[in-house]
Amino acid sequence: MNHLFQLILKELRENRGISQAQLARNLGKSQSTVAMWERGTNTPNYDTLVELATYFDVSVDYLCGVSKVKNPAKPQSLRIPVLGDVAAGIPIEAITNIVDYEEIDAAMAKTGDFFGLRIKGASMEPRMKEGDVVIVRKQDTADTGDTVVVLVNGDSATVKKIKYGPDGITLLPSNPSYDPLFYSAAEVERLPVRVIGRVVELRAKY
């Protein structure tokens, strides 16, 4: 370990205004372990280095004296593709070409894989209107009450609230002018009817 580590660690700790004992408690370590780090008689493993770097909001390279940059700029957003039109009424053929891009923040991006889908139809009005974009986390499971993107027949996509029952699933519209779509357990397997993602955000387009 670069001998600068012990000096940098002590400086970060003192700048934070905490004692060795406080740092040890915060990390779930013993005070003697922290003292040995600062004396250079013991060195943490990589996982602990990452934990220390995260605690002090610096990079591991900075903590080890390899870099003078405390924390390289973190990406503030990630561009995700908006894929075609998604039916919010009767399922239509899913269009897989990219029609636009949306940005999601770095915190959201860390929680999974995402894509955008453009609403077509009126069955999810008044909340979702034609032309709006939904941000979707890719997943093949959902809970009753989730708003999901479902593939029917393997190539038709629709956005609905999902309700699971003992005999099958029901896809529920928000617009009372549209009827729920019920698929028996046999139809779910035969067609098939498959969840491809959960809607986590709506971006209305005016």
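**Long-range contacts, helix α4 and charged pairs in a predicted model**

Among contacts (heavy atoms within 4.5 Å) in the protein between residues at least 6 apart in sequence, 56% join residues at least 24 apart. The structure is a predicted model, in which local features need pLDDT of at least 70 and side-chain atom pairs count only at pLDDT 80 or more, while totals for chains, interfaces and linings use all residues. Residues are numbered from 1 along each chain as its sequence is written, and side-chain values use heavy atoms, with hydrogens and water left out.

The secondary structure comes to seven helices and 10 strands; these are DSSP runs numbered from the N terminus, with helices (H or I) of at least four residues and strands (E) of at least two. Of the 206 residues in the protein, 39% are buried. Here buried means under 20% relative accessible area, exposed over 50%, and partly exposed in between, with a 1.4 Å probe and protein chains only.

Helix α4, which spans residues 46–56, is a good place to begin a closer look. Its buried residues are Thr48, Leu49, Leu52, Ala53 and Phe56. They lie on the same side of α4 because they cover an arc of only 140° around the axis, the arc being that of the directions from the helix axis to the C-beta atoms. An α-helix has 3.6 residues a turn, so residues three or four places apart point the same way. The buried residues of α4 pack against α1, α2 (20–27), α3 and α5 (60–63). Asp47 and Thr54, both exposed, are carried on the face of α4 turned away from the buried side.

Both ends of the helix have features to inspect. At the N-terminal end, Asn45 caps α4, with a side-chain oxygen 3.3 Å from the backbone nitrogen of Asp47. After α4 comes Asp57, whose phi is positive, near 55°. In the loop between α3 and α4 lies Gly40, which counts as partly exposed at 41% relative accessibility. The C-alpha atoms of Gly40 and His3 are separated by 7.0 Å, although these residues are 37 apart along the chain.

Aromatic rings come next. The structure holds one aromatic pair, a term that covers rings of Phe, Tyr and Trp (its six-membered ring) with centres within 6.5 Å, where planes under 30 degrees apart count as stacked, over 60 as edge-to-face and the rest as tilted. Tyr55 and Phe56 form this pair, which is edge-to-face, with 4.9 Å centre to centre and 90° between the planes. Tyr55 counts as partly exposed because its relative accessibility is 23%, whereas Phe56, at 7%, counts as buried.

Tyr55 also has a charged partner: the charged end of Arg16 sits over its ring, 4.9 Å from the centre. A charge is taken to sit over a ring if NZ of Lys or CZ of Arg is within 6 Å of the ring centre and within 35 degrees of the ring normal. The charged end of Arg79 likewise sits over the ring of Tyr101, 4.3 Å from its centre.

Side chains of opposite charge can pair when their charged atoms come close. The structure holds four salt bridges, each a side-chain nitrogen of Lys or Arg within 4 Å of a carboxyl oxygen of Asp or Glu. One of them joins the side chains of Glu38 and Arg13 (2.6 Å, N to O). This pair links distant parts of the chain, with Glu38 in helix α3 (residues 31–39) and Arg13 in helix α1 (residues 4–16), 25 residues apart. Glu38 is buried, with a relative accessible area of 11%, and Arg13 is buried too, at 8%.

Glu102, Glu201, Arg203 and Lys205 are linked in a network of salt bridges. Within this network, the side chains of Arg203 and Glu102 meet at 3.0 Å, N to O. Arg203 lies in strand β10 (residues 193–203) and Glu102 in strand β3 (residues 98–105), so the pair links parts of the chain 101 residues apart. Arg203 is buried, with a relative accessible area of 16%, and Glu102 counts as buried at 8% relative accessibility. Glu102 also forms a salt bridge with Lys205, the closest N and O atoms being 2.6 Å apart. That pair links strand β3 with the segment after β10, across 103 residues. Lys205 is partly exposed, with a relative accessible area of 39%.

Terms used: Polar contact = N/O pair within 3.5 Å; in protein donor to acceptor, adjacent residues only side chain to side chain.
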